[in-house]
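Reader: Got a model here and I'd like to talk through how its strands and helices fit together. Mind if I throw some questions at you?

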Amino acid sequence: MEQETRGIVFKGNSEGLVIVVPEEYGFEQALEEIDNKVSNAARFFKGARIKVTYRGANWTSQQEERVKSVLDEKSGAVIESFTKDEESRQSPAVPKQHQPAQPVSTRRLFFAGVDEGNCKFVRSTVRSGTRIQYDGNVVIMGDVNPGGEIIASGNVVVLGVLRGMVHAGADGNRDAFIYALSIRPTQIRIAEVIARMPEEAEDTHLRPEIATIRNDRIEVEPLSTRALG
Amino acid sequence: MGEVIVITSGKGGVGKTTTTANIGTGLALQGKKVVLIDTDIGLRNLDVVMGLENRIVYDLVDVVEGACRLKQALIKDKRYEGLHLLPAAQTRDKNAVTPQQMVDLCEELKKEFDYILVDCPAGIEQGFKNAIAGADRALVVTTPEVSAVRDADRIIGLLEANEIRNPKLIVNRVRHDMVKRGDMMSIEDIIDILAIGLIGVVPDDENIIISTNKGEPAVTDNKSSAGQAYRNITRRIMGEDVPLMDLNVNEGLLAKMKKLFGFKPA
């Protein structure tokens, strides 16, 4: 399409990502532009496992190594490999579709079931030293005490007091939320954002609260219809 | 058939051994047949606190290894009818005993005694696993410190994971003057976090240090406030409904504690 004139282009294929480098680009220029692009799209890549190939340039293995480390560092994705695209002929997509299907896991970037989906119920208080890890949403029917950890790829709902550590959207979903009858944790995390509670005097009565990401920060607010919307 | 009660805390130095000695002596004073087992192999203390150190011939490890008969290792406390001690070995370590051996030992002792109190070592490793192996009930000792409460929370989780349900809480070394000033965690704060039934609150009392050093449990001292607290706990363990001591705090808290204190007769 427009790759000849628009600089570096990222394309998806069945195995992961193809980086198309304009022929006239030097290595440093290409590296800088890849760095920028990947940094901007880090949220998109977070938690994925992808194979990356490139076209339009001939890089040495050291140069390939440098690009790979930039991708690793800036994207937050696991880069399984970074190599020159062998089939640089322009029409590889059609025959490839008829090959045996690749595992679809490469397509999934994060758990998206924050409105509905798999859910784990824990019918007890999560005490110090206990770690609940689940690929989905988690509901705790009790408190989460200091030293206890909940790590969920979806939302976390605590029907009690949250005093421990909770990580919602753990594989990168920033739309995940944390709900508790009182949020007083040692730390909460949503996707890659981490927050500590301000060290104010504790107010001890229960009041449902919800934590979500707003403007790149975790905000905790009393639950109201506005917060839900 | 007797009952095995483990006294545990996670954190060291909160008063497990003192609690074991006092409750054990208290139960014996109530006419029960009691045996205290020290499972803190390598760092034994219970014999010292009980003033029975100089009478040890055989110990727990000798019993489980079959070097002596159980009867030979039990030290009879001559001051209190019905009270016995099974001391720990000092020159071995926690791995000298397995949980299964403890289960067998507790089953054996249950036939003859009303109460078997197991003094648990600090920590959550082998010694802890041995101590809770044969237990029917658990008493969790904590002090009003964040670190002790944190460890107690971990211990309660481990007890539940080992199917020892409904452990009871003893809050030790409480200073009501400090609680009133807001310098110490209140009982309510602790119960709030741990969410288990309270079986007793033991005030901070310097008589405990004196009695511990003398080898005479404070429970026998009528003037000691801690001794009184231990006497009350003893009666609650036996299933009596004893109200908590006047804690000098507002009524709302007291009412709440009574509600939380759902101790059922055995």
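What follows is a short back-and-forth on the sheet in chain B and then on chain A.

Reader: Before we dig in, what kind of model is this, and in what order do the strands of the open sheet in chain B come?

Author: Keep in mind that this is a predicted model. The open sheet in chain B has 8 strands with mixed pairing. Reading across, the order is β3-β4-β2-β5-β1-β6-β7-β8.

Reader: Which strands of chain B stand at the edges of that sheet?

Author: Look for strands with a single partner strand, since one side of each is then left without a neighbour in the sheet. In chain B that picks out β3 (75–76) and β8 (197–203).

Reader: Is β1(B) largely enclosed or left open by the rest of the structure, and how many of its residues are buried?

Author: Its pairing comes in handy here: β1(B) runs parallel to β5(B), with 5 bridges, and parallel to β6(B) (residues 137–142), with 4 bridges. As for burial, β1(B) is largely enclosed by the rest of the structure, because the buried share of its 6 residues is 5.

Reader: Which residues stand opposite I5(B) and T8(B)?

Author: Take the two parallel partners of β1(B) in turn. On the β5(B) side, I5(B) faces L117(B). In β6(B), the bridge partner of T8(B) is V140(B).

Reader: What stands opposite I37(B)?

Author: Start from the pairing of β2 (residues 34–38) and β5 (residues 115–119) in chain B, which is parallel over 5 bridges. Within β5(B), the residue opposite I37(B) is V118(B).

Reader: At about what angle does helix α5 of chain B run to β5(B)?

Author: Helix α5 (residues 99–110) of chain B lies across β1 (3–8), β2 and β5 of that chain. Its direction relative to β5(B) is about 150°.

Reader: Over to chain A: how many helices and strands are there, and what percentage of the residues is buried?

Author: Chain A holds 5 helices and 15 strands. Of its 229 residues, the buried part is 31%.

Reader: Which residues pair with I210(A) in chain A?

Author: β14 (residues 209–214) of chain A runs antiparallel to β11 (residues 178–183), with 3 bridges, and antiparallel to β15 (residues 217–222), with 6 bridges. On the β11(A) side, I210(A) is the bridge partner of Y179(A). In β15(A), the residue opposite I210(A) is E221(A).

Reader: And what is the phi of N215(A) in the turn?

Author: β14(A) and β15(A) form a hairpin with 2 residues between them. N215(A) sits in that turn, and its phi is positive, about 50°.

Conventions
Residues numbered from 1 in each chain as written. Chains lettered and ligands numbered in written order. Predicted model: local features only at pLDDT ≥ 70, side-chain atom pairs only at ≥ 80, totals over all residues. Pairing = 2+ DSSP bridges. Contact = placed C-beta atoms within 7 Å. Axes fitted to C-alpha atoms, helices over the stretch in contact; angles between N-to-C directions. Buried ≥ 20, exposed ≤ 12 C-beta atoms within 10 Å, placed from the backbone.
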